[in-house]
Amino acid sequence: MHKSIQLFATVAALGAAFSASAQKAGDVMLRAGYGTIAPNVTSGDMSAPSISGSKSDISSGSSLLGGVTYMVTDNMSVDLPLALPFKHKISGAGALVGTGDLGEVQALPITLFGQYRLLDASDALRPYAGLGLTYAYFFNESGSGALTAITNPGGGTPTKITVAGQWTYTVQFGASYAFDKQWFVDGFYSYTPLKTTTTLSTGQTQEITLNPSAFGLSLGYKF
């Protein structure tokens, strides 16, 4: 019985040591992991000349991600997420269902968050909420042969796609858990209201509401 009490006390002491100053003012935290951006798509009709009801859908994309967090106070932090580009497939919807992939685009949301972290600096578990300014950057757009057949039948020039970047905001909810004096795990969910315009080299345009959700899990190190 005495040994059991001693073991419990040792484990409790180690846990207290790990959580002591888990996330305090002045700390810098780096993390790396994996995440997914999942668009919640509402597509407008492609402008003329096109088949009435021609719409688009956008697939989810996953990538390596990470970030840097600076604790301004014990509860307030500034966070800059980092990531490799997210690749999304564009497919036909509405009157274009069944036409297959129409193209591809890479996305890289650039966000700076202000975060509020709950509980005390000495707690191992720190839930948080964040609000950030976001620029949604799209690049490396490409159109498929199916898109060219739809928008430029008989033409010898492949149809190209341009997706306009947009400023917006992002809301974020997450939590970090310090399992060591320096090491922690972090998970988050975020939502970004986002509407953009796709322009084709053949002249057609299309308004698309993306409103993506994002989620990810990372391993981090605190300095």
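The exercises below concern a predicted model and each comes with a worked solution.

**Exercise 1.** Classify the aromatic pair formed by Tyr135 and Trp167, and state where its two residues lie in the chain.

Solution. A search of the whole structure finds 4 aromatic pairs. In the pair of Tyr135 and Trp167, the ring centres are 5.0 Å apart and the planes make an angle of 55 degrees. Planes under 30 degrees apart would count as stacked and those over 60 as edge-to-face, so an angle between these limits is tilted. The pair of Tyr135 and Trp167 is therefore tilted. Next, the positions: Tyr135 belongs to strand β8 (residues 125-143) and Trp167 to strand β10 (residues 166-178). The two residues are 32 residues apart, and the pair links distant parts of the chain. Last, the accessibility: Tyr135 has a relative accessible area of 24% and is partly exposed, whereas Trp167, with 62%, is exposed.

**Exercise 2.** Repeat the analysis for Trp183 and Tyr221, and name the cluster that contains them.

Solution. The ring centres of Trp183 and Tyr221 are 4.9 Å apart, with 70 degrees between the planes. An angle over 60 degrees counts as edge-to-face, and the pair of Trp183 and Tyr221 is of this kind. Trp183 lies in strand β11 (residues 183-191) and Tyr221 in strand β14 (residues 213-222), 38 residues apart. Buried requires a relative accessible area under 20% and exposed one over 50%. Trp183 has 37% and Tyr221 has 28%, so both are partly exposed. Ring pairs link Trp183 and Tyr221 with Phe223 into a cluster.

**Exercise 3.** Describe the open sheet that contains β12 and β13, and identify its edge strands.

Solution. The sheet has 4 strands in the order β2-β13-β12-β9, with antiparallel pairing. β2 (42-43) and β9 (161-163) are the edge strands, since each pairs on one side only. Strand β12 (residues 195-200) and strand β13 (residues 205-209) are joined by 5 bridges. Across this antiparallel pair, Thr197 stands opposite Glu207 in β13.

**Exercise 4.** Locate Asp27, decide whether it is buried or exposed, and find a backbone atom that its side chain reaches.

Solution. Asp27 is in the loop between α1 (2-19) and β1 (28-38). Its relative accessible area is 4%, so Asp27 is buried. The side chain of Asp27 reaches the backbone nitrogen of Lys24 at 2.9 Å.

**Exercise 5.** Find the ring over which the charged end of Arg117 sits.

Solution. The ring is that of Tyr128, and the charged end of Arg117 sits 4.5 Å from the ring centre.

Conventions: Residues numbered from 1 in each chain as written. Predicted model: local features only at pLDDT ≥ 70, side-chain atom pairs only at ≥ 80, totals over all residues. Heavy atoms only, no water. Phe/Tyr/Trp six-rings, centres within 6.5 Å; stacked < 30°, edge-to-face > 60°. Buried < 20%, exposed > 50% of the residue type's maximum accessible area, 1.4 Å probe, protein only. Lys NZ or Arg CZ within 6 Å of the ring centre and 35° of its normal. Pairing = 2+ DSSP bridges. Polar contact = N/O pair within 3.5 Å; in protein donor to acceptor, adjacent residues only side chain to side chain.
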